[in-house]
Amino acid sequence: MLGLNRQDTALLIIVAVLTLLAPFILNPFPEGSGLATLNAGYPDLMQRFVIYGIFAIGFNILFGLTGYLSFGHAAFLGVGSYAAVWMFKLIGMQVIPAVLFSMAISAILALGIGYVSLRRSGIYFSILTLAFAQMCYNLAYSVLGNPNSRFNLTNGETGLQLTLDDPRILGVQRTPDGGIPVPNFFGIEMRDSYDLHLGDWVFTFSGGYYFAAAVMLIAFYIAIRIFRSPFGLMLRGVKSNQTRLYYTGINARPYTLAAFVISGTYAGLAGGLLACMDPLAGAERMQWTASGEVVLMTILGGAGTLIGPVLGAGFIKYFENIFSKINDNVLHGWFAFLPDGLEDFMVTLVHPFVGKGWHLTLGILFMLVVIFLPGGLVEGGQRILGLFRRRKAPPPGPDPEHHPKPTPHVAE
Amino acid sequence: MSNSKFTRRGVLRTGAATGAGLALPTIFTSSAAAFTNEPKGPNVVFGFNVPQTGPYAEEGLDELRAQQLAVEHINGEGDGGALNTFSSKALQGNGLLGKKVTYVTGDTQTKSDAARASAKSMIEKDGAIMINGGSSSGVAVAVQALCQEAGVIFMAGLTHANDTTGKDKRRHGFRHFFNAYMSGAALAPVLAKAYGTDRRAYHLTADYNWGWTQEASIKAATEALGWETVATVRTPLTATDFSSYLAPVLNSGADVLVLNHYGGNMVNSLTQAVQFGMRDKIVNGKQFEIVVPLYSELMAEGAGSAVQGVYGSMNWNWQLSDEGTKAFVKSFGEKYGRPPSNSAQTCYAQVILYADAVARAGSFHPCAVIEALEGFEFDGLGNGPTLYRADDHQCFKDVLVVKGKENPKNQYDILEIVEKTPVEQVWYEPDHPMFAGGELGPCNPGE
């Protein structure tokens, strides 16, 4: 289907079904129960899951395929956000031009940064991209963001926001009741949501989430096609041995540059979508910690795999948004069934790992994954699957000691 | 090969279950909410969004303590604190409109993005009716705009930039804390009296929005009294070593150094300036002086003996002697074993003020609450008579000018109050050039 083989089609369908049913899957606990804190099915977080998924998918096209580790991808995310907010300010609240413009701007930026940075590889490339990203961050934070200067592109630390007197030449300047209009996709407002009450459960369906999810599925499909294309094979060639490519007479630079620009455009798309969901762009989005985050997402999920980065993105965003909100009150609620002394002991025991300690928990999990599952969460999933398969199918063949390797296909 | 058996009973059963399942949502969604997060159960949820990690984590922790205390007092636990001295008696210490107040907390990380994500999760997931707290103007402006869109009330915590109630003001945002303009207006006369009117000032300014408005405000206020500004130098917010910025100060002919820094920046720059021996120098025949326009107890604690004799301004200080301050400090001290900082006091007051407005309005509807807060005059929360101005949602009250104590008796006894600048002196009109532009916009009930 759609030019994919059976396995990839199955993967795409699984991802599509999961994203479609996310409001149900992410809200397993009934409202009002102690564990409801762990629910993640509210619009803002679901939007972040898919948007950062797009960011990580794009990053994986560069890092997973070519092995070039960019430490400056947040710059494209941030630039995409600024571009989108400017479109909202100048053109109107329709999201399509905003998203397209943010992709175009970040592609141009990626072309420039990639052209310079890709002259080096390995750690030098990483440092170059990091330096460029920090430059962008500082430009956005203070140089281009002084509200008192006449050239104020980013509004500095406060972040670029919509105001009531923006021109919005193709849209309305203010809503009938005098407020700032909301980003919309042909009338579907990104903030619109519908609550479905089923018994004690509440499931929220948000317009913004489904828009972002549709874009994510398209981005995911394109990523599969890139992975399976001759172009993708060439990128894998760059990863396994670039020097050999040069010896055989192939100039690898255009391929790596193309991969860099594609991945930058993905980041710009993610940034633009972030601005669509919440029309504000802040310089923190471009900070090096944000660049590091996408590296963590990709490695945590499984670099070079299709679904891995999306899983990693979800994992990290879940910890950032859910674990950071568990406070002592919530903990007391959880352990209320224990005797008083034991309850206090358990709360003290868990306390350092939740709330402001979410970084600690995430760090420990990241270490565990990298040490025991070098292939990331995807490898974990494969191992579990493998466990079940082995149990079901007893080892075939008459001679258990003799394992002839299958003849490799020429194409592999 | 199929195993499925369609029996008559099976089909009937499945059909009935499906029908019930489809009918269920319509039963439960019949009651539509009139505004965002209208509290329906026995509880009402407040959202406390404070920095728990990052450079202002200490401030955030203290804010959280005060917010929890305020919730206790509203629910009638503890000794009632400043509710006993508060001029409005709408809060009875029995919850809020018959509901118990509960709260959720979040981490702003002092980043606009993270703060908005955290506030959004409180609004969308936990059903918070009000967001309070924060320790940065960038965050305050970002969260304020979000609350405007979502239709909940934002009671700002520590935010000192003019823009919060200036060009970035919103109908749903309220600021109890004072601002950079007020700091300048309160501080300049005291400085002129202490150091003379022919001083030459050198500004080191944290290179972001708050730093800029602070610098502009102090510069305008001191120049109006005859001071001259030699230079204004911007330092990166992430800087920890200021020696390269401090070295040129003495050769510039300046005799006062103004540090427009906050938090860790201020602790480092002030400590290093003092270590340079700047305060022992005589320049232009005058003693060299250092000024820190915005003080906080937690910063002063961090800078230790370096703050001795250094002037600055504050929104409130626990050493004030009015009844509201005494009641609040007593109940905070009994619970946490330390005096509250001025950011804690502002958050405490904001939570009480919100709850009181709900009680007076008799409704959680944001438009009614906004109406109750706009133009509200009150007393007894520690700052003296205060007005919540309707034009820009800024509180007008006395501003404190403080000085680092020369002989502190204990670790909390660091600052002494030099002057209580009356509100008339820090008053400005809503269309003042530093606050012009922007408008509040309409009240937005959401949903």
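## Two domains in chain B

The centres of domain 1 and domain 2 of chain B sit 30 Å apart, taken over C-alpha atoms. This is a predicted model, so keep that in mind for every number below. The domain assignment builds domain 1 of chain B from two pieces, 43–178 and 318–397, while domain 2 covers 181–314.

Where the two domains meet, 15 residues of domain 1 of chain B are in contact with 14 residues of domain 2 of chain B. On the domain 1 side, the elements giving two or more residues are α2 (57–74), α4 and α11 (342–361) of chain B. Of these, α2(B) gives the most, with three residues. Sorted by class, that side has seven polar residues, plus four nonpolar and four charged ones.

There's also a record to set beside this: an unreviewed UniProt entry lists residues 45–405 of chain B as "domain: Leucine-binding protein". Over that span, chain B is 41% helix and 20% strand, and the end C-alpha atoms are 41 Å apart.

## A three-strand sheet in chain B

Chain B has an open sheet of three strands, in the order β13-β14-β15, with antiparallel pairing. The edges are β13 (377–378) and β15 (395–396) of chain B, each of which pairs on one side only.

Zoom in on one pair: β13(B) runs antiparallel to strand β14 (residues 386–388) of chain B, and two bridges link them. If you want a spot to click on, B:Glu377 stands opposite B:Leu387 in β14(B).

## Where chain B touches chain A

Now for the two chains together. In the model, 34 residues of chain B are in contact with 37 residues of chain A. Several elements of chain B each supply at least two residues to its side of this contact: α1 (8–28), β2 (100–107), α3 (112–124), α4 (137–150) and α6 (209–224). The top contributor is α3(B), with seven residues. By class, the chain B side comes out as 11 nonpolar, 12 polar and 11 charged residues.

One helix turns up twice in this story: α4 of chain B is listed on the side that touches chain A, and α4 of chain B is also listed on the domain 1 side that touches domain 2.

## Chain A and its listed membrane spans

For chain A, an unreviewed UniProt entry gives "transmembrane region" for residues 9–29, 49–69, 98–116, 123–144, 208–227, 254–274, 294–319 and 360–381.

What do a couple of these look like in the model? Residues 9–29 of chain A are 76% helix and 0% strand, with 31 Å between the end C-alpha atoms. Residues 98–116 of chain A are 100% helix and 0% strand, and there the end C-alpha atoms lie 28 Å apart.

## How far to trust it

The model scores ipTM 0.84 and pTM 0.87. Chain A has a mean pLDDT of 89, and 94% of its residues reach 70 or more. Among the elements of chain A, helix α5 (residues 95–117) has the highest mean pLDDT (97), and helix α12 (residues 328–334) has the lowest (84).

Chain B has a mean pLDDT of 90, and 93% of its residues reach 70 or more. The stretch to watch is residues 19–31 of chain B: pLDDT there is below 50, and beyond near neighbours in sequence the stretch has seven contacts in the model. Where pLDDT is low, the predicted coordinates should not be read in detail.

Methods:
Residues are numbered from 1 along each chain as its sequence is written. Chains are lettered from A and ligands numbered from 1 in the order in which they are written. This is a predicted model: local features need pLDDT of at least 70, side-chain atom pairs count only at pLDDT 80 or more; totals for chains, interfaces and linings use all residues. UniProt positions are given in the numbering used here, feature names are shortened, and annotations may be inferred rather than shown by experiment. Helices (H or I, at least four residues) and strands (E, at least two) are DSSP runs, numbered from the N terminus. Ala, Val, Leu, Ile, Met, Phe, Trp, Tyr, Cys and Pro count as nonpolar, Asp, Glu, Lys and Arg as charged, and the others, Gly among them, as polar. pLDDT is the predictor's confidence in each residue, from 0 to 100. Domain bounds come from an automatic or database domain assignment. Two strands pair if DSSP finds at least two bridges between them.
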